[in-house]
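Colleague: I would like a close look at one part of this model, the place where its chains meet. Please take me through it in one connected account.

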Amino acid sequence: MAAVAADADAPGPRPWLLMSPALTAVVLLLAVPLCFILVYSFWLRTAAGGEQVGFFLDNWAEVLSDEFYRDILFQTLRIAGLSTVVCILLGYIPAYFIARSTTRHKAALILLLMLPFWISYIIRTMSWINILGVSGALNVFLLWTGIISEPLQILYNEATVILGLVHFLLPFMILNIYVSIDGIDTNLADAARSLGATGWQTFREVTLPLSMPGLAAGSLLCFVLGAGTYITPMILGGPRNAMFANLVFEAIITQLNWPLGSALSLVLLVVLGAVVVVYTRYAGIGQLAKSFK
Amino acid sequence: MDNTTRYQRLLERYRNGDLDRRTFLTLLGAASLTAGLTGAPLKGLQRQAMAATPESVRFDGWGGVVSEAFRKHAFDPYTEKTGIKVVDGTFGSGDEYLNRVKAGQEGEYNIFHASGVFDYARYVNLGYDVVLNEANIPNLKYVMSALMTPFRGVTGGKLSAAPYDYGTTGLAYNTEKISKQEMEDKGAKILIDPKYKGKIGGWGDWRTRIWYGALATDQNPNNIQDMDAVWDAIRAHRDLALKYWGSGAELMSLLAEGEIYVTEGWSGRIAALQQQGHPIAYYDAPNSYAWQECLMVLKGSPLEACEELLNFMLEPSVSIAVAEGQNYPPSLDPTKVDLGEKIPTLPAFDPTGKLANLTFADPAYWNGNEAEWSKKFGRVQKGY
């Protein structure tokens, strides 16, 4: 009897049918290419730039034993981590403001948040050259006001790479936090205030903990996206500000070493996957869904 | 037994009822996995690739004014005469394009604007070359022999490309900050002069960096004896440089905005800056890096259609229009063709048609060291 009831409750094939287009896309566009990349990582580059097919561990031995790759990986994680922290600090206040705003122009504020996505990421990144360059707006203004007599060299260092990443990632952070705060029942804050909590205490004890799912989801997104970028360090970085994705780009495009590039890209994938696993362990992957509820 | 036969036999056994559906699919999956691990599907795809249809020929170039000039002066008249359409594509760098060709199928890409004989040699080494029937390209008679000889050397006396233009990667400097005398005195050593720390640029290309490292250490770039000294020079340049630039647009921006005072640069781009009125001069030091570009036809292309298109592109009026647009002298022999007024004023132009004063990269030497040097440069570039 119980078995019959269980069968009746079973969802049947419909969910799988509904999910099949997405699953097909994931399998064909992600899983299958990943398998190819894995296979490639065991091949070797020939002198002419082709591939020697076989099962060789040389690329993996090199990637895992060479401190050059380890150092660039740590540098990448550090830059992505710093960018994420800056995004949290800069993103929380506008997200809180939009979520708690009672203005009828709230939709317009959210639209403004989306506005940067309408412009190419590369163009957005390059715009900093016109702002911070030797002949850029900031230097021209400082020279004009007499604050400086010689243009400042602001661009092409780690700070400008982080600046470019924050510019790129901030909307993701704000949107995640906004959705989370917007879902918090305002009566909870009112109840805390009626029980004698100050505004700061209410924020610290009620709003902040309840907005943590959005904060965590935003941080995860920003960190993973930041760690995987190569355009920003290429445009706004100096000679020593490369990130791990730049190594993948160079191995594949410049050195025509697809096998090594495959091994490097898998290392980055595994490391970022580990971050997601850690996130799941401590925050729970369900938190990601919560932030969008 | 090849994979196709193997699959057909499996299918036959399945249809005969010797295999149930699950076993058939399992075996098919296992065969696919095995083929994947041995690289068979990729090679198989290459074998089965189809040549471009005779109705169209694909050309890939650097875009911009060059593309416009080709479209107006060569592609449209060619289509009008032959009925064959030209599909016009662009790429950002030679390395990027080679990756595209490698990832694509035979016949997908037909003709492209290649840089340097070493680039030509890379494609030849990977088996992407063809043998052109030169009788179908009568305009080759206008092309300088000095430009065709290196290509013939790579492909056993035959051609898989038509030389199209040439130029140099010389030293570009801001005349308001650096005098002509100082530039001529220091030559390539100015790129490692601490006096200009933070105001030096450089192309983030391993060949160019090593070439200029060789010049800065008084060595022959085509026969470097002390490679350690070259790497030290590259490190010195790295520590003094503001930035490695990655495109012609970025090179022009850095010089025009005054971010850097000196760098090596492409002669045509520097000529463009001069035409825009920027105080930028160009100096070809002894053994400055000369290169020649060509229009290369790739394996699997419709040969006769490509040869005819090449002939259109080598027509002196087309070649001159493109040269004026991109500011690089054409491959046409100035002793055989009147090149007009502008071209003789371009940097690197050689009125003799012999190119005896230019030093080109030896393709065998540079491609022989490519794997090691490009990899090491990637590390040195990042502070190692």
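How many salt bridges does a search of the whole structure find over all chains, and what does the contact between chain A and chain B look like?

Modeller: This is a predicted model, and a search of the whole of it finds 29 salt bridges over all chains. Across the interface of chain A and chain B the rule finds 7 salt bridges, and two examples of pairs that join these chains can be followed residue by residue. In one of them, the side chains of Glu51(A) and Lys102(B) meet at 2.3 Å, N to O; this pair crosses between chains, with Glu51(A) placed in strand β2 (residues 51-52) of chain A and Lys102(B) in helix α5 (residues 94-103) of chain B. In another, Glu62(A) forms a salt bridge with Lys375(B), the N to O distance being 2.6 Å. As a general matter, side chains of opposite charge can pair when their charged atoms come close.

Turning from single pairs to the contact as a whole, 39 residues of chain A and 38 residues of chain B take part, and the area buried between the two chains is about 3,300 Å², with carbon and sulfur atoms giving 55% of that area. Polar contact is also present, the count between chain A and chain B being 17 residue pairs, both residues at pLDDT 80 or more. On the side of chain A that touches chain B, the elements that give two or more residues are α2 (14-40), α4 (67-100), α11 (231-236), α12 (244-254) and α13 (258-282) of chain A. By class, this side of chain A has 22 nonpolar residues, together with 9 polar and 8 charged ones.

Key:
Residues numbered from 1 in each chain as written. Chains lettered and ligands numbered in written order. Predicted model: local features only at pLDDT ≥ 70, side-chain atom pairs only at ≥ 80, totals over all residues. Heavy atoms only, no water. Contact = heavy atoms within 4.5 Å. Buried area = accessible area lost by both parts, 1.4 Å probe. Salt bridge = Lys/Arg side-chain N within 4 Å of Asp/Glu carboxyl O. Polar contact = N/O pair within 3.5 Å; in protein donor to acceptor, adjacent residues only side chain to side chain. Helix = DSSP H or I, 4+ residues; strand = E, 2+ residues; numbered from the N terminus. Nonpolar A, V, L, I, M, F, W, Y, C, P; charged D, E, K, R; others polar.
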